[in-house]
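Me: I'd like a close look at one part of this model, please: its largest nonpolar core. Please take me through that part and whatever surrounds it.

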Amino acid sequence: MRTLSSIYLEVDGKPVKASDLCWIVRAKCGCIDGAMTVDRGDGDVLITAELARSSMLGGIKAIIERSIEDGEVYSLITWDQYRAEGFGNCTHEPKWGIVKVAAPTGQVWATTDRWSHGRRTHKRHIVPESALGDYGVQHPALCGSKPTRIAPPWSVDQNNLGDTVTCRRCETAAGAVRP
Ligand SMILES: [Zn+2]
Ligand SMILES: [Zn+2]
């Protein structure tokens, strides 16, 4: 079995013990918005930024793709460097360098995804508030997409929204302008 103390990774051209290092996520604005150990404790050692991103984001394709699109960069630094720089104090405008598209009045970002329900889309869409929890009608989203026949009603519960990304077509329909 590999032991972490015997693994060295290259940082700034020098070998550093993996146990002295952590992966950090640098948001577009330059602030650190995530950190994790290099050793996952199960024999896995995350030796590339690609593996680190996938592990941090639960291997969920839609979220990994959005992370890349949003310009998040994964890099190795020492725990000492990490402690010195700090985490989660982004005061940039917009926060983390990401413009959040607000739903128009009377509408909300919601999802039909449930962790307990079969195939996930990992997307949230903009729907009228009246669609929330409505089992009677399959309300279409602002982008025109309709839930599948067996989908549960639209929800704004954080447990359901947690691992979803915004629908780009809904953002555009809500008036978002992208560079
Ligand atoms: Zn920032
Ligand atoms: Zn949509």
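Reply: Happy to! A nonpolar core is a set of buried Ala, Val, Leu, Ile, Met, Phe, Trp, Tyr and Cys residues joined through C-beta atoms within 7 Å, where buried means 20 or more other C-beta atoms within 10 Å of a residue's own, exposed means 12 or fewer, partly exposed lies in between, and C-beta atoms are placed from the backbone. The model is predicted, with local features needing pLDDT of at least 70 and side-chain atom pairs pLDDT 80 or more, while totals for chains, interfaces and linings use all residues. Residues are numbered from 1 along each chain as its sequence is written, and chains are lettered from A and ligands numbered from 1 in the order in which they are written.

Twelve residues make up the largest core: Ala18, Leu21, Cys22, Trp23, Ile24, Val25, Val38, Leu46, Ala52, Tyr74, Leu76 and Ile77. Strand 3 and strand 5 are the elements that each give two or more of them (strands are DSSP runs of E, at least two residues, and helices runs of H or I, at least four, numbered from the N terminus). Strand 3 contributes the most, with five residues.

One member, Val38, touches Ala18, Leu21, Cys22, Trp23, Val45 and Leu46, leaving aside residues up to four places away in sequence (contact means C-beta atoms, placed from the backbone, within 7 Å).

Now for the sheet. Three strands form an open, antiparallel sheet in the order 4-3-5 (strands pair if DSSP finds at least two bridges between them). Strand 4 (32–37) and strand 5 (73–78) are its edges, each pairing on one side only. From one strand to the next the twist averages 30° (axes are lines fitted to C-alpha atoms, for helices over the stretch in contact, with angles from 0 to 180 degrees between N-to-C directions). Five bridges join strand 3 (residues 21–26) to strand 4 in the antiparallel sense, and Trp23 sits opposite Met36 of strand 4.

Helix 1 (residues 49–56) lies across strand 3, strand 4 and strand 5, at about 105° to strand 5.

Looking further out, the chain is divided into domain 1 (4–90) and domain 2 (107–173), with bounds from an automatic or database domain assignment. The C-alpha centres of domain 1 and domain 2 are 31 Å apart, and five residues of domain 1 are in contact with four of domain 2.

Methods: Two residues are in contact if their C-beta atoms, placed from the backbone, lie within 7 Å.
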